[in-house]
Amino acid sequence: MEVKDNMRKIVLALVALVFLFPFYWMVVVSLGNPEDFMKVPIRYLPSKLNLRNYLDAVNYIPFLRYFLNTLYISLMVTFGGTLSSSFVAYGFSKIKWPGRDLLFLITLGTMMLPPAVTIIPLYMEFRKFGWIGSFKPLWVPAFFGSAWAIFMLRQFYMNIPNELIDSAKVDGANHFMIWYKIILPSSKAPLAVVALFQFVYSWKNFFGPLIFLRDQSMYTLSLGLAFFQSRHGGTEWHLLMAAATLTTIPTLLVFILASRYLIEGIRLTSGIK
Amino acid sequence: MRKRRELLTALIFVSPWIVGLLLFQVYPFFKSFYYSLTDFNPIKRPELIGFKNYSWILQDKLFWKSLWNTIFFVLIGVPLDQTVALSLAVGLHGLRKSRLMRSLRGIYFFPILVPEVVMSLVWMLMLNSEFGIVNQFLEKLGFNPPAWFLSTLWAKPMIVFLRLFFVGTAMVIYLSALNEVPKEIIEASVIDGASPTRRFWKITIPMISPVILFNLIMDTIGTFQIFTEPYVITKGGPARSTYTLTMFVYTNAFEHLDMGYASAAAWLTFSMIFISTLAILYAASKKVYYGGER
């Protein structure tokens, strides 16, 4: 039993090393001289720490610009998506009305809809609004709620005892006050999970920015990195990896601060059987 | 009277979603079907041409190629993803709630938070045929490694491979399902003398089957839409060997500006996803165990 247990630990640890290696290599290359990793024999560590790469990378692509663009979009999506999804989820959980369950089923169904199907009409629609080439197509839809966030928050609100709401009603509160005064403050944890996921997915998004952004100065980090690579035939990998590392740092912060909540959040979402 | 007021209040609460649903999902969904029956581009008004786009697509070699590539990604990638995710979850489950378990779980989960573009670029560098670390290492061991993303044989499998780094979500879901398998059932089977392997196949798997089904469907839907990795790494090459359905839609719509044609391809993609989901549900309907409900 002991031996088997140790075997299990060794295998899992080896897999963990495989999972970590790409990130290790990204950081190592980002800190090294370009020659270090372009020739045999391989070096697993840079010959000397070359922090200049980071300075060069930041200037090589307009990193700060892309960073601020991405941050702006992600924060708008996070704010709008979390607020509206919470509002909508209340209507799906704490008020009984005919058609509620049907509409909720349709809501879940939309999660199956591939963006490839809706993207062309959306593009034409946003063009009519005059939004192409602006950030609006990337964040305005979030203010109307997102299906999985509504789903997640609804799951949580269902478990808030109705007595709490009934007694507030007796005290003369209407549903809007209840949502604002009782539900929002008592669901900080699930709201945080929803907010984090919205942030991460918006931060990572590639397809949306690729379609809707025109001007290079408005690119997001994901888009900027991809174009940086393809535009320069002989890619300067040490600079690219420095930019990639910088792009990953905010995600790493989210991970360090909140991975436990994110994992808990995924656990909740899978509660549908 | 009170009921009507409740209904009105409820509708105000869900109204943002109803508007969003109509504007960003329902309308585009049907509109794209209409577009698929037309000849149109951003400067030319749509002109109805019946099902011509569809019949042209079915004669388009590139469409068949992208369909086949996408099916490869689904048929090879999804089972592999799920096997790895479930194996990791079972491994972690055996560690109980220890510090080690939490750290390993965090490491397996982390890539989920990393932009696909970053992951693609790092693997592009590591698998570079001239100076990539993987090939340098393999050559040192005396192998003669292929050029990976430049090889028509290896490009597809390597994209499947790098997507294995994104199994974190599925793994977390499996892990929580494993934690919810009632201990009494496991203990009873131990007393009955069932071997661990038999216990796994006869008890654990059926108990977590709803979650397997959920992960299978989500992964299938996601993989059918695979785009970012091949777009960034290979641009669909070499020789279109990693060209996918979503790339076909994207290229026709936003590079060739043939939006009617692209819409038809998009609807065919949607049909494939829909049919696959139904097929999985049907195949599972007899096998999935719902704990006595329904």
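Select Ala85(B) to begin, and you will find yourself in helix 3 of chain B, where a helix is a DSSP run of H or I with at least four residues, numbered from the N terminus. This is a predicted model, in which local features need a pLDDT of at least 70 and side-chain atom pairs count only at pLDDT 80 or more, while totals for chains, interfaces and linings use all residues. Residues are numbered from 1 along each chain as its sequence is written, and chains are lettered from A and ligands numbered from 1 in the order in which they are written.

Stay on this residue for a moment: is Ala85(B) buried or exposed? Ala85(B) counts as buried because it has 25 C-beta neighbours inside 10 Å; the term buried asks for 20 or more other C-beta atoms within 10 Å of a residue's own, with the C-beta atoms placed from the backbone. Now add Ala170(B) to the selection, which is 85 residues away from Ala85(B) in sequence, although their C-alpha atoms are 6.0 Å apart in space. Leaving aside neighbours within four places in sequence, the contacts of Ala85(B) are Val167(B), Ala170(B), Met171(B), Tyr174(B) and Asn215(B), a contact being a pair of residues whose C-beta atoms, placed from the backbone, lie within 7 Å.

Move next to Tyr174(B), which, with the neighbours within four places in sequence again left aside, is in contact with Ala85(B), Leu86(B), Ala89(B), Ile208(B) and Val211(B).

Then select helix 7 of chain B, residues 155–163, where Ala155(B), Lys156(B), Met158(B), Ile159(B), Leu162(B) and Arg163(B) are buried. These residues lie on the same side of helix 7 of chain B, because they cover an arc of only 165 degrees around the axis, the arc being that of the directions from the helix axis to the C-beta atoms. Show helix 3, helix 5 (116–126) and helix 12 (228–233) of chain B as well, since the buried residues of helix 7 of chain B pack against them.

Of these, helix 5 of chain B deserves its own selection: it is mostly covered, with eleven of its eleven residues buried, among them Glu116(B), Trp123(B) and Met126(B).

For a wider view, bring up the largest nonpolar core, a set of buried Ala, Val, Leu, Ile, Met, Phe, Trp, Tyr and Cys residues joined through C-beta atoms within 7 Å. Of its 149 residues, Ala243(A), Leu121(B), Val122(B), Met171(B), Tyr174(B) and Ala265(B) touch the most other members. The largest share of this core, twelve residues, comes from helix 13 of chain A.

Turn now to the contact between the chains, which takes 68 residues from chain A and 75 residues from chain B. On the side of chain A that touches chain B, helix 13 of chain A gives the largest share, 13 residues. By class, that side of chain A has 48 nonpolar, 13 polar and seven charged residues, where Ala, Val, Leu, Ile, Met, Phe, Trp, Tyr, Cys and Pro count as nonpolar, Asp, Glu, Lys and Arg as charged, and the others, Gly among them, as polar.

Finally, colour chain B by pLDDT, the predictor's confidence in each residue from 0 to 100. Chain B averages 89, and 98% of the residues score at least 70. Within chain B, confidence is lowest in helix 9 (residues 183–191), at a mean of 82, and highest in helix 3 (residues 61–93), at 95. For the complex, the predictor gives an ipTM of 0.88 and a pTM of 0.89.

Note on methods:
Helix = DSSP H or I, 4+ residues; strand = E, 2+ residues; numbered from the N terminus. Contact = placed C-beta atoms within 7 Å. Buried ≥ 20, exposed ≤ 12 C-beta atoms within 10 Å, placed from the backbone.
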